[in-house]
Each structure stands twice: as structure tokens, then as C-alpha cells.
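Open your viewer, switch on the cartoon display, and get ready to select a few pieces in turn. We will go from strands to the nonpolar interior.

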Amino acid sequence: MAARGARDRAGTTPRASSLLLCLVLLLALSAAAEAAEEATPSGVFEVRRKFTRHGGGGEGHLSALREHDGRRHGRLLAAVDLPLGGSGLATGTGLYFTRIGIGTPAKGYYVQVDTGSDILWVNCVSCDGCPRKSNLGIELTMYDPRGSGSGQLVTCDQDFCVENYGGVLPTCTTSSPCQYSITYGDGSSTAGFFITDFLQYNQVTGDGQTTPANASVTFGCGAKLGGDLGSSNLALDGILGFGQSNSSMLSQLAAAGKVQKKFAHCLDTVNGGGIFAIGNVVQPKVKTTPLVPNMPHYNVNLKGIDVGSTTLQLPTDTFDSSNSKGTIIDSGTTLAYVPEVVYTSMMAAVFDKHKDISLQKSQDFDCFQYSGSVDDGFPVITFRFEGDVSLTVSPHDYLFQNGKNLYCVGFQNGGLQSKDAKNMVLLGDLVLSNKLVLYDLENQVIGWTDYNCSSSIKMNDEKTGSTYTVNAHNLSSGCEFQWHKSLLLLLATTVISYLML
């Protein structure tokens, strides 16, 4: 974990004039087999959501949500053997995944899109323990360094390896690969070596106008997987991380002066659709709160919680930041977790006007029968952060329907989690949906605002000073999608004009 504190070692490179890039990522919960059969255009990637949060999925659905977060938290809180300036936060069953192009000629790889992990890694040929098939119905692809005309092995004496290890390793010899090894808290593991190759995307040259382009990035080539990562259940080709470490794709491009170290996401749970953008978002305006320094994740200072007009009376040290306490913003977590003292106080305030409601357990969720409108019958919950920044959660977001007139509470009692997680506040997709969430790593702040995620945002082109509109769309042609089953993700990036290497 301590290695994460070195994430800014590469420093800040002055940015040259730039263009606006856009990776168009189509998120859909259409059948995986159908999407696997349909080739996507250059730089346009179909992305799917593994879980829907609503929709009456029953006991099995609730169990899947909890299992997903349980695996993720075991890894999120674990010590990691990866001296790369990163925590190695990976998810065995991430919430969203996309198909990216790597190599020359480019081949497609299905990878998880995750704000909580750092490096981009994909499974490689001759991998020991890597899944050969996926229950998602997608065709898995192994990266072959020899099959790409632009792939190059990263050796242990090259800058990427030396900088991230803090020096040349004693065991390093000429031509030896730069290796990585990660062991997660749930027993899963990945190990391999680093490769530099081209990542494929579309470059935006104006409103709705794109041209194919690529950028050179260093990523992990997985040679061995263990535990859940090697299971065919929900298996993917790898992970695309948007963490803070120097080894992340975002940090690499920023250190090279190609992008601003800023990104934002907006996930729509009402109409479907959404946006994921890298670069300078100028509309909507977002009020920000500082990130806690030298922490391995996106930690923030939570000051208090209001349920309706009632401020929860909690011990003064409830939200202190430390290795075992604090508040983490993590879009890869499905639900939201609070310490037991917070959960007990919060639920008492939520149901204060409903003394007649009887809670029943369903897969460790607190559920109840209710026939009215939850937005009319229950209070808004507001999280208050440093800098007078608040995050509001509507009843229809924290109370999800799980059958006819049956609702379950999305907030989870941390007391039922592992001992390492029980005192932490972890705010996931439950509270982040229908908000534009902005991560400004250059200024070490994060912020959000309620937003229509099926509309559009505006981004600044540094070269011309122009502002471009980046739209979100739904996948609807030829398909019928239910609520929260489709999402168009636009990954817009500001880069210098000499992007092509």
C-alpha cells in the first residue's frame, strides 16, 4: 500500500496544444452472445453491465449483488505485492466491462472498466490458470506479444520498471522482463510481465466527428491467475483501471503530456444512457471536495449525514480517515456500506414515520412491504463533505424493488462485513448513479452534481479554446431494453496534436 504514495513521482509534464479524443463505449445488457458475434467499428466498444440493481431479481439477484461486493472488498482492503505506486484494486466481477482494441493489427479484449484499480492488464497466451471461456457468453482472447507488430517487452532496467519499483531490482539482468505479482485479500492472484503496445480509440475532431487513432501504453500481460480471477464465472480478458497510480493508463498518458489527469462518469438509471469522459469537463459545473492525501483509493472527508431534516448524532471519530476507517468513493461497488453505528441510526431515521413497517431479512438485506411511492413516503439522505459539498440520495435510489410491493434497503450494515471493512464508509453505484462524478487528479479533488446522464456534457479543446458537446445515447435499434439495461459511454480525452507515435 505504501507504494501508492509514490503515484506522483513522474511529475507533471507541461501540456502542449491538444485535440479532443473520444472513445465511444456502448454499454448494454443485451445478450452477450449477440454482441460477441457482432464486430464493432474501430474505436467503438460495446460495454455491458453485469448486474441490474432493480427489477425484481429475487433471492438469487440479491445474493449476486452481495457476492460481487464481497469479492471486491476483500481485494480493496488487502495488502498488495505490487510496488508500482498502486494498490492493485481489481474486481473479479466488476460492474461494467468494455471491448478495447490492443496491438497492430488491433484485436478486441473484454476488460472491466474500474475506477478502483490502477493498471490495464489482459490475459496472455500460455497463461497458467486463465479461463478459456466465460459464462457471460463472450469469446475470450489471449494477448500474444509476438502477434502484434507494435508490441514490445518492458525489461526490468527500463524507466517504467525502475521508476515504479524505486530503482533497479537486485535480481534484474539484461533483457529480463519487468514482472508484477498481485495477491488479493480473497486469495485471488495475478502475475505476469509488462508490455508496451498501442491502445486503439477514436479521435474527435469536432462535434460528432471522429477519426481512428492510437496511443502507446504499458500494460500487464497476465501469465498466471489464481482464485476467482481464474474462474469461468463472469470471466473477462482483463481490467482497465482508472486509479491514481503512475502505472494506470490515465497517468501514463498524462505524464506524457497527452491528456489532462481528469475524468468523469455519469450513469443513468432512469432512461438508460450515460457518459464516461477523460479531459476538461466545463459543463455542468461541479463543486468539489479535497481527496485525502496519500491514500490508496479515492478517499474523501465525510463530515456528517442528514436523513430528511434530521442530522444523525454520531461519535465524533466515526468518519476519521485511516487505513481501517474513512470514506471511499468507488463506482465499481454496487451498493453502499456504512459502519454499524451509522446504519442503525440511519435506519431509525428512515423509518421514523413508519412504525408499522416490519423489516424482514432477505439475503442479509433489510426488506419490507410497501404499496405507495417511496419518494413520497421516505426521506432523502444527504452526505455532507469537506468544503460544503453534499451528496443527496433519493429514496428510489436507496430503496430498490425486489418483487411486487417488496422493497429492500440498498445501504448495508458494515458490522456484517469483514473486520477490516466494518468501520469504513464505501459509497458505490447506489449513491453515484444519476450524477456526474468528476475526478480531478491534477488538483486532487473530486466532486459530483445531480445530472441527466442521458443528455450531454461540454468539454474544452485546449488547442483551439473551443468547447465541444459530448452526447450520451441509448442502444435501442432492433432491441428492447428495460430500465438501466443500456448505457452509452463516451470516453473523451484531451491530447496533444502529435498523438500518433
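Two strands count as paired if DSSP finds at least two bridges between them. Keep in mind that this is a predicted model.

**Stop 1: a hairpin.** Select residues 360–362, strand β20, which runs antiparallel to β21 and is joined to it by 3 bridges. Ser362 has Phe365 in β21 as its bridge partner. The two strands form a hairpin with 2 residues between them, and Gln363 in the turn has a positive phi of about 55°.

**Stop 2: the other neighbor of β21.** Now add residues 406–409, strand β25: 3 bridges join β21 to this strand, again antiparallel. Look for Phe368, whose bridge partner in β25 is Tyr407. Why is β21 largely enclosed by the rest of the structure? Of its 5 residues, 4 are buried, so the surroundings cover most of this strand.

**Stop 3: a small open sheet.** Select β13, β30 and β31, which lie in that order in an open sheet of 3 strands with antiparallel pairing. The edge strands are β13 (281–283) and β31 (467–471). From one strand to the next, the twist averages 45°. Zoom in on Val281 and you will find Met459 of β30 opposite.

**Stop 4: the cores.** Nonpolar side chains tend to be buried together in soluble globular proteins. Show Met346, Phe378, Phe383 and Phe411, which touch the most other members of the largest nonpolar core, a set of 68 residues. Helix α5 (residues 340–350) gives the most to this core, with 5 residues. Finally, select Met142, Cys178, Phe194 and Leu225, which are among the 17 residues of a second, separate core.

Key
Residues are numbered from 1 along each chain as its sequence is written. This is a predicted model: local features need pLDDT of at least 70, side-chain atom pairs count only at pLDDT 80 or more; totals for chains, interfaces and linings use all residues. Side-chain values use heavy atoms; hydrogens and water are left out. Axes are lines fitted to C-alpha atoms, for helices over the stretch in contact, and angles run from 0 to 180 degrees between N-to-C directions. A nonpolar core is a set of buried Ala, Val, Leu, Ile, Met, Phe, Trp, Tyr and Cys residues joined through side-chain atoms within 4.5 Å. Buried means under 20% relative accessible area, exposed over 50%, partly exposed in between (1.4 Å probe, protein chains only).
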